[in-house]
Amino acid sequence: MRQTLLNIAFAVGILGFSAVVTQLFARAMYLTCPHCHTLNARRRSQCRRCGAGLRP
């Protein structure tokens, strides 16, 4: 029983860590549109979905 709980905790830890790493990568590589919340590449100056400006 203890081994099963440790395996479950280990799997949850791996999934949680990968979610955090993915979120950090997305924040580093993309800009979020302030109007429609679409992810856009950092090189863009206008949102690809609604056309709003991404940078002030």
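Contact here means heavy atoms within 4.5 Å. Keep that cut-off handy for the exercises below, which all use a predicted model.

**Exercise 1. Find out what C50 touches, and where C50 sits in the chain.**

Step 1: Place the residue. C50 is in the segment after β2.

Step 2: List the partners, skipping residues up to four places away in sequence. That leaves C33, H35 and C36 as the residues C50 touches.

Step 3: Check the exposure. C50 has a relative accessible area of 41%, so it goes down as partly exposed.

**Exercise 2. Work out how many disulfides the structure holds, using C33 and C50 as your test pair.**

Step 1: Get the cut-off. A disulfide needs two cysteine sulfur atoms within 2.5 Å.

Step 2: Start from C33. The closest cysteine sulfur belongs to C50 and lies 3.6 Å away, which is too far for a bond.

Step 3: Now go the other way. From C50, the closest cysteine sulfur is the one in C33, again at 3.6 Å and too far for a bond.

Step 4: Give the total. The structure holds zero disulfides.

Step 5: Add the surroundings of the pair. C33 is buried at 1% relative accessibility, while C50 is partly exposed at 41%.

**Exercise 3. Decide whether N40 is buried or exposed, then describe its surroundings.**

Step 1: Locate N40. You'll find it in strand β2, which covers residues 39-41.

Step 2: Apply the cut-off. Buried means under 20% relative accessible area. N40 comes in at 0%, so it counts as buried.

Step 3: Collect the neighbours. Not counting residues up to four places away in sequence, N40 touches M29, Y30, L31, C33, Q46, C47, R48 and L54.

Step 4: Look at the polar side chain. One of its polar atoms lies 3.0 Å from the backbone oxygen of T38.

**Exercise 4. Follow the loop between β1 and β2 through H37 and T38, and say which residue is buried and which is exposed.**

Step 1: Confirm the location. H37 lies in the loop between β1 and β2, and T38 is found there too.

Step 2: Sort by accessibility. H37 counts as exposed because its relative accessibility is 59%. T38 is buried, with a relative accessible area of 10%.

Step 3: Check the backbone of H37. Its phi is near 65°, a positive value in a residue other than glycine. Most residues other than glycine have a negative phi.

Step 4: List what T38 touches, leaving out residues up to four places away in sequence: L31, T32, C33, C47, R48 and R49.

Step 5: Come at the loop from β1. T32 lies in that strand, residues 30-32. Leaving aside neighbours within four places in sequence, T32 is in contact with H37, T38 and L39. T32 itself is partly exposed, at 46%.

**Exercise 5. Use L5 as a reference point and find how far away T32 and C50 are.**

Step 1: Pin down the reference. L5 is in helix α1, residues 2-29. L5 also belongs to a nonpolar surface patch of about 470 Å², made with M1, I8 and V12.

Step 2: Take T32. L5 and T32 are 27 residues apart along the chain, with 38 Å between their C-alpha atoms.

Step 3: Take C50. Here the separation from L5 is 45 residues in sequence and 47 Å in space, C-alpha to C-alpha.

Methods. Residues numbered from 1 in each chain as written. Predicted model: local features only at pLDDT ≥ 70, side-chain atom pairs only at ≥ 80, totals over all residues. Heavy atoms only, no water. Helix = DSSP H or I, 4+ residues; strand = E, 2+ residues; numbered from the N terminus. Buried < 20%, exposed > 50% of the residue type's maximum accessible area, 1.4 Å probe, protein only. Polar contact = N/O pair within 3.5 Å; in protein donor to acceptor, adjacent residues only side chain to side chain. Patch = residues over 30% accessible without salt bridge, like charges linked within 9 Å, V, L, I, M, F, W, Y side chains within 5 Å. Areas by Shrake-Rupley, 256 points an atom, 1.4 Å probe, with all protein chains shown as cover. Salt bridge = Lys/Arg side-chain N within 4 Å of Asp/Glu carboxyl O.
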